[in-house]
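Biologist: Please take a close look at a single part of this model, starting from one loop and following it outwards into its surroundings. I would like a connected account, with the cut-offs behind each term.

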Amino acid sequence: MGKRWIPLEANPDVMNQFMWGLGVAEGEAQFCDVYGLDDELLAMVPQPVLAVLFLYPLTSLDDDEEESGAAATSTAGDKDLSKRVYFTKQTVGNACGTVGVIHAIGNAASKLKLVEGSYFDRFYKQTVDMDPVQRAAFLEEDDEMEDAHSVAASAGDTDANVEVNEHFDAAKVIKARIASNPDSMNFNVMALSKGF
């Protein structure tokens with residue numbers, strides 16, 4: 001990855017301002033913290049949940065999995081991806097939070113109202129027929145998104161550091177991921193919920 005952005009803070013307030021500023025109508029959806037994965041704590045998450053963002057520490061095993069996954073994807077071909085799943089590759093360093101939000105909104109778009117003419121409205125219309133590699137190239141050259149990302153990154157409470165070792169991912173295997181790295185406290189789970 002050549003281009004690097006300042007990472008977004010894994011903070012619902014930051015993510016909410018970011019997505020509302022890009023075109024999800026305020027009051028339409030919100031990110032909120034998931035305080036735990038036990039039934040009682042999951043019951044506190046506002047329903048319905050449209051997406052989950054999961055921040056976890058990267059390890060050398062992730063690099064190996066990414067390389068083998070990239071090889072498998074290139075042989076299988078990106079055109080095999082379902083048209084029902086909005087997916088873009090990430091080619092900008094530290095853009096994982098932004099890519100996570102793009103995936104969350106893109107895959108919940110049928111349940112959300114995007115502000116007509118907003119960034120997200122234009123972005124999804126322009127990239128709908130692109131494959132994941134083309135979408136990544138489009139995003140990498142998109143100055144409007146880079147500027148919005150930069151503003152959101154500066155809105156957090158954590159000092160910005162371009163050398164991070166965490167990664168966003170929507171995953172069904174959050175508990176297993178946490179169990180595989182029990183000594184780390186660098187996990188965060190947020191849910192994108194419809195309405196307030």
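**A loop residue and its surroundings**

Modeller: Asn-94 is found in the loop between α3 (60–76) and α4, where helices are DSSP runs of H or I with at least four residues, strands are runs of E with at least two, and both are numbered from the N terminus. The model is a predicted one, in which local features need pLDDT of at least 70 and side-chain atom pairs count only at pLDDT 80 or more, whereas totals for chains, interfaces and linings use all residues. Residues are numbered from 1 along each chain as its sequence is written, and side-chain values use heavy atoms, with hydrogens and water left out.

With a relative accessible area of 6%, Asn-94 is buried; that word means under 20% relative accessible area, while exposed means over 50% and partly exposed lies in between (1.4 Å probe, protein chains only). The phi of Asn-94 is near 65 degrees, a positive value in a residue other than glycine. Most residues other than glycine have a negative phi, and most peptide bonds are trans.

On one side of this loop comes α4, and helix α4 (residues 96–108) packs with helix α1 (residues 12–22) at an angle of about 60 degrees, their axes being 11 Å apart. This makes α1 oblique to α4, since angles under 35 degrees count as roughly parallel, over 145 as roughly antiparallel, 65 to 115 as roughly perpendicular and the rest as oblique. The axes are lines fitted to C-alpha atoms, for helices over the stretch in contact, and the angles run from 0 to 180 degrees between N-to-C directions. At the meeting of the two helices, Met-15, Phe-18 and Met-19 of α1 come into contact with Gly-97, Thr-98, Val-101 and Ile-105 of α4, contact meaning heavy atoms within 4.5 Å. By class, this contact holds five nonpolar, two polar and no charged residues, where Ala, Val, Leu, Ile, Met, Phe, Trp, Tyr, Cys and Pro count as nonpolar, Asp, Glu, Lys and Arg as charged, and the others, Gly among them, as polar.

Both α1 and α4 also receive helix α5, whose buried residues pack against α1, α4, α6 (132–140) and α7 (143–154). In α5 (residues 119–127) those buried residues are Tyr-119, Phe-120, Asp-121, Phe-123, Tyr-124 and Thr-127. Phe-138, a residue of helix α6, touches Phe-123, Gln-126, Thr-127 and Met-130, leaving aside residues up to four places away in sequence. Phe-138 is partly exposed, with a relative accessible area of 25%, and its C-alpha is 9.3 Å from that of Gln-126, although the two are 12 residues apart in sequence.

Elsewhere, a second loop deserves a mention: Pro-48 lies between α2 (39–42) and β2 (49–57), and the peptide bond from Gln-47 to Pro-48 is cis, with omega near -5 degrees. Pro-48 is one of the residues touched by Ser-193, which belongs to strand β4 (residues 188–194) and counts as buried at 0% relative accessibility. The side chain of Ser-193 also reaches the backbone oxygen of Pro-46 at 2.7 Å.

As for the wider setting, the protein chain has eight helices and four strands, which follow the pattern α-β-α-β-α-α-α-α-α-β-α-β along the sequence. Of its 196 residues, 42% are buried.

Terms used:
Polar contact = N/O pair within 3.5 Å; in protein donor to acceptor, adjacent residues only side chain to side chain.
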